[in-house]
Amino acid sequence: QVQLVETGGGSVQAGGSLRLSCAASGVTFSTCDMGWFRQAPGIEREFVASISWREGSTYYQDSVKGRFTISRDNAKNMVYLQMNSLKPEDTAVYYCAAGSRFSTALGMGIPSAAKDWGQGTQVTVSS
């Protein structure tokens with residue numbers, strides 16, 4: 001059974017930073033693309049970033065490019081999202097997601113390729 005557990009959310013002022021972590025279990029982590037999504041109140045869940053299992057290549061939503069960095073540690077089954085220069089519009093619940101084993105779709109920025117989800121962690125950015 002796949003389990004994804006996000007931590008690291010919280011409240012921060014605009015311009016601040018947060019680092020989200022996602023611990024994965026029940027999955028062959030080193031062969032799964034991983035991603036981060038977010039959902040703000042009244043808005044559909046949206047893709048934020050992804051990282052491929054094969055080459056570690058990354059893909060970002062335009063609004064977070066240059067501010068957010070996704071990374072992974074295959075030895076620890078962890079994926080991270082470093083968020084800098086946070087803005088109030090980044091306020092949302094952030095979800096970790098895993099793609100199917102050996103699939104490369106999520107790592108190429110295809111949101112529908114996300115197969116398993118965490119419970120989410122709240123990020124609140126105040127102005």
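User: In strand E3, which residue is the bridge partner of Gln3?

Analyst: This is a predicted model, in which local features need pLDDT of at least 70 and side-chain atom pairs count only at pLDDT 80 or more, while totals for chains, interfaces and linings use all residues. Residues are numbered from 1 along each chain as its sequence is written, and side-chain values use heavy atoms, with hydrogens and water left out. E1 and strand E3 (residues 18–25), strands being DSSP runs of E with at least two residues, numbered from the N terminus, pair in the antiparallel sense over 5 bridges, where pairing requires that DSSP finds at least two bridges between two strands. In E3, the residue bridged to Gln3 is Ser25.

User: In what order do the 4 strands of the open sheet lie?

Analyst: The pairing in this open sheet is antiparallel. Its edge strands, each pairing on one side only, are strand E1 (3–7) and strand E7 (68–73), and the order of the 4 strands is E1-E3-E8-E7.

User: Which residue forms a disulfide with Cys22?

Analyst: A disulfide is counted here when two cysteine sulfur atoms lie within 2.5 Å, and the structure holds 1 disulfide. The sulfur atoms of this pair are 2.1 Å apart, and the partner of Cys22 is Cys96.

User: Why does Cys32 not form a bond with the closest cysteine sulfur?

Analyst: Cys32 is buried, with a relative accessible area of 2%, where buried means under 20%, exposed over 50% and partly exposed in between, using a 1.4 Å probe and protein chains only. The closest cysteine sulfur belongs to Cys96, and it is too far for a bond because its distance from the sulfur of Cys32 is 11 Å.
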